[in-house]
Amino acid sequence: MKAVYFLAAFVLLGLASKLASASDPSPLQDFCIAVNDAKNVFINGKLCKDPKLATPEDFLFSGLNIPGNTSNQVRSMVTPAIVSGLNTFGISLVRIDFAPYVGLNPLHTHPRATEILVVVQGTLYVGFVTSNPDNRLFTKVLYPGDVFVFPLGLIHFQFNIGHTNAVAFAALSSQNPGVVTIANAVFGSDADINPDVLAKAFQLDKNIVNQLQSRFWSDNDNRN
């Protein structure tokens, strides 16, 4: 009998250890407001097609061979591969185009994804900054064929330092990685963050903060 009690205790201990290490899966949306209306139930924000009606076209995207329009403030463009069949698979792919020398994919984070980037044309200066308290900067100059990883949630950037167009492709470990462009979020939020908060946080004169908040903050993301 003691052996049975010991076995039961051992099984419960094992189950408890497994449950203790369990967690909710990463969300694929910025937030999900709970409702009791069954008509509002979705899978990752999408209704799903009957699998019997699926076609090869549901798993295909054509167009990543077409350069993105870089005539914006940051002179770069992110073009996603929109593939209906990727829903729930936890992966996405984008093309990033950079104008010569000035093209920048500005400081941003992906709250739900790690990014792996490969350069296929041009020369990119890339980097990311680690979290507090170290805030270490990791940078590298990349050439065609080079691959670089940007860890989940960390601030990172890519900048074209060459005199020709640059092109890169990036895969991200989420169907909806999310993008928070630092300058846009801080100085272009809707509504404005109290200028006193930003002046204190960035150690800036309040007039400079007001000037920054008055600017038009565009983005370079075709996913919007």
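This is a short tutorial dialogue on reading some features of the structure above.

Q: What kind of model is this, and how are its residues numbered?
A: It is a predicted model, in which local features need pLDDT of at least 70 and side-chain atom pairs count only at pLDDT 80 or more, while totals for chains, interfaces and linings use all residues. Residues are numbered from 1 along each chain as its sequence is written, and side-chain values use heavy atoms, with hydrogens and water left out.

Q: Let's start with the sheet; what is the order of its strands?
A: Strands (E, at least two residues) and helices (H or I, at least four) are DSSP runs numbered from the N terminus, and two strands pair if DSSP finds at least two bridges between them. Here, an open sheet of 5 strands has the order 1-2-9-4-7, with antiparallel pairing. Its edge strands, each pairing on one side only, are strand 1 (76-80) and strand 7 (147-150).

Q: How many bridges join strand 4 to strand 9?
A: There are 6 bridges between strand 4 (residues 115-121) and strand 9 (residues 166-172). Take Ile116 as an example: its bridge partner in strand 9 is Ala171.

Q: Which residues does UniProt list for "binding site"?
A: UniProt positions are given in the numbering used here, feature names are shortened, and annotations may be inferred rather than shown by experiment. The unreviewed UniProt entry lists Asn105, His110 and Glu115.

Q: Is Asn105 buried or exposed?
A: Buried means under 20% relative accessible area, exposed over 50%, and partly exposed in between (1.4 Å probe, protein chains only). Asn105 counts as buried because its relative accessibility is 6%. You will find Asn105 in strand 3 (residues 104-109).

Q: With which side chain does that of Asn105 make a polar contact?
A: A polar contact is a pair of N or O atoms within 3.5 Å; within protein, one must be able to donate a hydrogen and the other to accept it, and residues adjacent in sequence count only if both atoms are side-chain atoms. For the side chain of Asn105, the partner is the side chain of Gln158, at 2.7 Å. Contact means heavy atoms within 4.5 Å; leaving aside neighbours within four places in sequence, the contacts of Asn105 include Phe98, Phe157 and Asn220.

Q: And where is His110?
A: Look in the loop between strand 3 and strand 4. His110 is buried, at 3% relative accessible area, and its side chain is joined to that of His108 by a polar contact of 3.4 Å.

Q: Why do the buried residues of helix 3 line one face?
A: An α-helix has 3.6 residues a turn, so residues three or four places apart point the same way. In helix 3 (residues 195-202), the buried residues are Pro195, Leu198 and Ala199. Seen down the axis of helix 3, they fall within an arc of 100 degrees, so they line one face; the arc is that of the directions from the helix axis to the C-beta atoms. On the other side of helix 3, Lys200 and Ala201 are exposed.

Q: What caps the N-terminal end of helix 3?
A: That is Asn194, with a side-chain oxygen 2.8 Å from the backbone nitrogen of Asp196. Just after helix 3, Gln203 takes a positive phi of about 55 degrees, and Gln203 counts as exposed at 64% relative accessibility.

Q: Which peptide bond is cis before Pro133?
A: The one from Asn132 to Pro133 is cis, with omega near 5 degrees. Pro133 lies in the loop between strand 5 (124-129) and strand 6 (137-142).
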